[in-house]
Amino acid sequence: MWKRFEVEGVRFKYIDREAIVKVLQSPVAGFYRVKTGDRLETISYKVYGVFNFWYFIAIFNNKKHALDIVVGELLKIPDYNYLKQIVK
């Protein structure tokens, strides 16, 4: 189900279609306004306490990679407990 791939020097975990659909069905837990110096990994750490859930934030916000964000942008944050069920 999980595979790694790299785009423009950024490592991704590829998840199958079923898992993507589940991520997109997650309840919105909150919102995060992007600040200077943020990356999706650092945002993941700030909101979840772990770096490796950044790709869920990316999928939830239709982002192509970890740097596909703009200062001032408002991101939807998927529910952490819901996401934990996906990666069991």
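Which residues form a nonpolar patch on the surface? I put this to the structure at the outset, keeping in mind that it is a predicted model, and I found that Val28, Phe31 and Leu74 form the patch, with about 290 Å² of accessible area together.

Entry on Leu74. I looked up where this member of the patch sits, and I noted that Leu74 belongs to strand 4, which covers residues 74-78. Its relative accessible area is 44%, so I entered Leu74 as partly exposed, and because patch residues need over 30%, the value for Leu74 fits its place in the patch.

Entry on ring pairs. I then went through the aromatic side chains, where a search of the whole structure gives seven aromatic pairs. One of them joins Tyr48 and Phe53 in an edge-to-face arrangement, with 5.9 Å centre to centre and 70° between the planes, and I recorded both Tyr48 and Phe53 as buried. I also wrote down the pair of Tyr55 and Phe56, which is tilted, at 4.7 Å centre to centre and with 45° between the planes.

Entry on burial. For Tyr55 I have a relative accessible area of 8%, and for Phe56 a value of 0%; because buried means under 20%, I listed Tyr55 as buried and Phe56 as buried.

Entry on the cluster. Following the ring pairs from residue to residue, I saw that they link Tyr48, Phe53, Trp54, Tyr55, Phe56 and Tyr80 into a cluster.

Last entry. I checked for a charge over a ring, and I noted that Lys76 lies over the face of Phe60, at 5.1 Å from the ring centre.

Technical notes. Residues are numbered from 1 along each chain as its sequence is written. This is a predicted model: local features need pLDDT of at least 70, side-chain atom pairs count only at pLDDT 80 or more; totals for chains, interfaces and linings use all residues. Side-chain values use heavy atoms; hydrogens and water are left out. Patches are made of residues with over 30% relative accessible area and no salt bridge: like charges are joined within 9 Å, nonpolar side chains (Val, Leu, Ile, Met, Phe, Trp, Tyr) within 5 Å. Accessible areas come from the Shrake-Rupley method with a 1.4 Å probe; for residues, only the protein chains shown count as cover. A salt bridge is a side-chain nitrogen of Lys or Arg within 4 Å of a carboxyl oxygen of Asp or Glu. Helices (H or I, at least four residues) and strands (E, at least two) are DSSP runs, numbered from the N terminus. Buried means under 20% relative accessible area, exposed over 50%, partly exposed in between (1.4 Å probe, protein chains only). Rings of Phe, Tyr and Trp (its six-membered ring) pair if their centres lie within 6.5 Å; planes under 30 degrees apart count as stacked, over 60 as edge-to-face and the rest as tilted. A charge sits over a ring if NZ of Lys or CZ of Arg is within 6 Å of the ring centre and within 35 degrees of the ring normal.
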